[in-house]
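Here is a short report on one protein model. Keep the structure open while reading.

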Amino acid sequence: MQLVVARVGRAHGIKGEVTVEVRTDEPELRLGPGAVLLTDPASAGPLTIETGRVHSGRLLLRFAGVRDRNGAEALRNTLLIAEVDPDVMPEDPDEYYDHQLMDLDVVTTDGTEVGRITEISHLPSQDLFVVEREDGTEVLIPFVEEIVVEIDLEEQRAVIDPPPGLIDDRAEVVSTRDEENGSAAAGEDVTGAGS
């Protein structure tokens, strides 16, 4: 199975190094010296990592045969792809590869069906499940342990405990002021996840 593990950024210096945008939780395993990576576009590779180092918080790589800035710049925006055994699991039992999560059924803790995971969005602050509902609409579910309470690969499902407003358009809102006045504010429209 093939996984995108990084995207090549700008050239760094004049000796063929490039910055990379890491897209794997295991860069030391996937992007270490000696690793041979496929590329997209395929014409740019395969590429063998010769050296790697961190500079100012960014990973810099040099590939075999790329010796100058022009060669490095020619690789800009190339996706780096690793060949991964689909049966191999990440070292941390609470981590999963994207391909393991794709197409899982999403249900709430009370068994209500929400939809199916169609995409994993990797944001700087957290990962999100893009879940397609039966009616074709999409809902975004933060992949955090407070919300995603169980991943069951055998049953092919993700169990979530969503806060009010995350998967539905309405949330119960009650203010003490309304209770004192004897009026109920339940059912008011609330915008935003977790409101």
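Strands β9 and β10 (residues 138-142) pair in the antiparallel sense, with five bridges between them. Val131 stands opposite Val139 in β10. The two strands form a hairpin with five residues between them. In that hairpin, Gly136 takes a positive phi near 95°. The model is predicted, so read every value here as computed from a prediction.

**Other hairpins**

Strand β9 (residues 127-132) has another partner. Six bridges join β9 to strand β8 (residues 113-122), and this pair is antiparallel. Arg116 has Glu132 in β9 as its bridge partner. β8 and β9 also form a hairpin, with four residues between the strands.

Further along the chain, strand β11 (residues 148-152) runs antiparallel to strand β12 (residues 157-160). Four bridges hold this pairing. Ile151 is matched with Ala158 in β12. The β11 and β12 hairpin has four residues between its strands. Gln156 sits in the turn and has a positive phi of about 55°.

**The chain as a whole**

The protein chain has four helices and 12 strands. Its length is 195 residues, and 36% of them are buried. The chain exposes about 11,800 Å². Carbon and sulfur atoms supply 46% of that area. Now take the contacts between residues at least 6 apart in sequence. Of these, 46% join residues at least 24 apart.

**Two nonpolar cores**

In soluble globular proteins, nonpolar side chains tend to be buried together. How many residues does the largest nonpolar core have here? The count is 22. Leu31, Leu61, Phe63 and Leu80 have the most contacts inside this core. Strands β1 (2-12), β2 (17-22), β4 (47-55), β5 (58-63) and β6 (79-83) each supply at least two of its residues. The largest share comes from β1, with five residues.

Leu31 shows how such a position is packed. Leaving aside residues up to four places away in sequence, Leu31 touches Val5, Ala6, Val22, Thr24, Leu37, Ile49, Leu59 and Leu61.

A second core is separate and has 18 residues. Ile117, Val131, Val148 and Leu166 are among them. Val131 is thus a core residue as well as the residue opposite Val139 in the β9 and β10 pairing.

**Thr108**

Thr108 is found in strand β7 (residues 105-108). Is Thr108 buried or exposed? Thr108 is buried, because its relative accessible area is 9% and the cut-off for buried is under 20%. Its contacts, not counting residues up to four places away in sequence, are Val114, Val159, Ile160, Pro162 and Ile167. The side chain of Thr108 also makes a polar contact with the side chain of Asp110, at 2.4 Å. Thr108 and Val148 are 40 residues apart in sequence. Their C-alpha atoms are 9.1 Å apart in space.

**Salt bridges**

A search of the whole structure finds five salt bridges. Three of them are tabulated here.

| Pair | Closest N to O distance |
|---|---|
| Arg7 and Glu21 | 3.0 Å |
| Glu50 and Arg67 | 2.9 Å |
| Arg76 and Glu73 | 3.2 Å |

Arg7 and Glu21 meet through their side chains. Arg7 lies in strand β1 and Glu21 in strand β2, so the pair ties together parts that are 14 residues apart in sequence. Arg7 is partly exposed, with a relative accessible area of 22%. Glu21 is partly exposed too, at 31%.

What does the salt bridge of Glu50 with Arg67 tie together? Glu50 lies in strand β4, and Arg67 lies in the loop between β5 and α2 (69-73). The pair therefore links parts that are 17 residues apart in sequence. Glu50 has a relative accessible area of 31% and is partly exposed.

In the remaining tabulated pair, the side chains of Arg76 and Glu73 meet. Arg76 is partly exposed, at 39% relative accessibility. Glu73 counts as partly exposed at 29%.

Technical notes
Residues numbered from 1 in each chain as written. Predicted model: local features only at pLDDT ≥ 70, side-chain atom pairs only at ≥ 80, totals over all residues. Heavy atoms only, no water. Buried < 20%, exposed > 50% of the residue type's maximum accessible area, 1.4 Å probe, protein only. Contact = heavy atoms within 4.5 Å. Areas by Shrake-Rupley, 256 points an atom, 1.4 Å probe, with all protein chains shown as cover. Pairing = 2+ DSSP bridges. Polar contact = N/O pair within 3.5 Å; in protein donor to acceptor, adjacent residues only side chain to side chain. Core = buried A, V, L, I, M, F, W, Y, C linked by side-chain atoms within 4.5 Å. Salt bridge = Lys/Arg side-chain N within 4 Å of Asp/Glu carboxyl O.
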